[in-house]
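Please read the following with the sequence and the coordinates side by side. The paragraphs go through one helix, then charged pairs, and then the loops.

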Amino acid sequence: MEMICPVCGCKSPALKLSDISCNQCGFAYAYMNYFSGDISLSLWKTKIEKMREKLRMDKMSLFSQKNLFFLSGDQVAYYAPDEKKLLIFASDGSVEEKKNVIQYSRSERNSAILFSSGKIKAQGDNNYGQCNVQGTASVSFLLCAPNCIYVVGEDGRIAISGAVLDPQIKTWTDITALACGSFHVLGLTKDKRVKIAGEMIEQSVVDQVAGWKDVRAICASTDCSIALFEDGTVSFAGRKNDPRSDVENWKDIVSVKADSSYAVGLTREGDVKLAGTCKPFLDMNRSSAANWKDVIAITCSRSSIAAIFADGSLKIVGNFSGDIDTICKQWKDKVKI
């Protein structure tokens, strides 16, 4: 008879007397300590709920701190940091597995993998020479942009393969992460401030971004820039009257992403927030993401939104050209979170 953990759902063979906790999440079974009456049973159920909440928050924290979940035009990718394994799910039901991976990045035109050896393998459009990217063992961050690939070293300096959007990006130092729109790039610095460079950026946007501090994470899409602060609030910089600026009313946010029409936020409670508007024929059901609950991770492509739920399941909405049912089935079989 199998034992199913009441917290994480992990299945294990029948318990022996020496088995007092779940092998996956560590929850202590210890039936003899709790099952002596209604009060003890109530205590045990309370401990289960607290442990479930801790497990959910731990998973959410992992996804919000690292790039582990990716969505492109017709594929979904997941990076398991403990195993250093990358899984790429395609619409034909195939699952590509890469081992000894440190980082992965994908844009609509390119993908790039950083391996433990320091080698970077890039694929896709090479019209600007972006696939000729060179890696080293000291790479700390990797980002595929529309016509180039950015590589950030441990010293915080940036190397660019492909089209250089703005030469001043090469002069940046102390960078820990990057985000890019169609015509601009954001850089998050070690002191939690943000730099911006690119084309067609209004001075008011430059000034606003320069004033951001205590920034936890950044994201960008097309013509907008978004910062998530350490206190869980969010700021928007972009066109005046852009409905995505409603993010500035959000609180208790742990992760934020953006696509061409929406900013997508994930709260500590696992709820999804949307800011933005879209005509129904372009929305492709993206607005339904605002009803999602019990979510631990979110991501976006140009016009799609995807989420991972606390039970490990995957959901995708929007203008996604891949076969959603096929990918979700393979995800269920291959991904254990």
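A residue is called buried when its relative accessible area is under 20%, exposed when that value is over 50%, and partly exposed in between. The model is a predicted one. By this scale Glu-49 is partly exposed, because its relative accessible area is 46%, and Arg-52, at 36% relative accessibility, is likewise partly exposed. The side chains of Glu-49 and Arg-52 meet in a salt bridge, with 3.0 Å from N to O. Side chains of opposite charge can pair when their charged atoms come close. Both residues belong to helix α2, and because they are three residues apart in that helix, about one helical turn separates them. An α-helix has 3.6 residues a turn, so residues three or four places apart point the same way.

The helix that carries this pair, α2, runs over residues 38-65 and has 28 residues. From its first C-alpha to its last, α2 reaches 41 Å, which is close to the 40 Å expected at 1.5 Å a residue. While Glu-49 and Arg-52 are partly exposed, other positions of α2 are buried, among them Trp-44, Ile-48, Met-51, Leu-55 and Phe-63. The buried residues of α2 also include Arg-56, Lys-59 and Ser-40.

The structure holds 14 salt bridges, and further examples are found outside this helix. Asp-223 forms a salt bridge with Arg-239, the closest N and O atoms being 2.7 Å apart. Asp-223 lies in the loop between β16 (215-221) and β17 (224-229), whereas Arg-239 lies in the loop between β18 (234-237) and β19 (253-258), so this pair ties together parts that are 16 residues apart in sequence. Asp-223 is partly exposed, with a relative accessible area of 31%, and Arg-239 is partly exposed too, at 46%.

What is the setting of the salt bridge between Arg-244 and Asp-242, buried or exposed? The side chains of these two residues meet at 2.9 Å, N to O, and both residues are buried, because the relative accessible area of Arg-244 is 2% and that of Asp-242 is 1%. Asp-223, Arg-239, Asp-242 and Arg-244 are linked in a network of salt bridges, and the network therefore joins partly exposed residues, Asp-223 and Arg-239, to buried ones, Arg-244 and Asp-242.

Negative charge also appears in a surface patch, which is formed by Glu-154, Asp-155, Asp-174 and Asp-191. Of these, Glu-154 lies in the loop between β11 (148-153) and β12 (158-162), and Glu-154 counts as exposed because its relative accessible area is 53%.

Other loops deserve a look for their backbone. Most residues other than glycine have a negative phi, and most peptide bonds are trans. Lys-84, although not a glycine, has a positive phi of about 55°; Lys-84 is found in the loop between β4 (76-80) and β5 (85-89) and is partly exposed, with a relative accessible area of 37%. Lys-192, again not a glycine, has a positive phi of about 65°. The place of Lys-192 is in the loop between β14 (184-189) and β15, and Lys-192 is partly exposed at 35%.

Beyond β15 (194-198), the loop that leads to α3 (203-210) contains Met-200, which at 68% relative accessibility counts as exposed. The C-alpha atoms of Met-200 and Phe-183 are 7.2 Å apart in space, although the two residues are 17 residues apart in sequence.

Key:
Residues are numbered from 1 along each chain as its sequence is written. This is a predicted model: local features need pLDDT of at least 70, side-chain atom pairs count only at pLDDT 80 or more; totals for chains, interfaces and linings use all residues. Side-chain values use heavy atoms; hydrogens and water are left out. Patches are made of residues with over 30% relative accessible area and no salt bridge: like charges are joined within 9 Å, nonpolar side chains (Val, Leu, Ile, Met, Phe, Trp, Tyr) within 5 Å. Accessible areas come from the Shrake-Rupley method with a 1.4 Å probe; for residues, only the protein chains shown count as cover. A salt bridge is a side-chain nitrogen of Lys or Arg within 4 Å of a carboxyl oxygen of Asp or Glu. Lys and Arg count as positive and Asp and Glu as negative; His and the chain ends are not counted. The place of a charge is taken as NZ of Lys, CZ of Arg, CG of Asp or CD of Glu. Helices (H or I, at least four residues) and strands (E, at least two) are DSSP runs, numbered from the N terminus. Buried means under 20% relative accessible area, exposed over 50%, partly exposed in between (1.4 Å probe, protein chains only). The expected span of a helix is 1.5 Å times one less than its number of residues.
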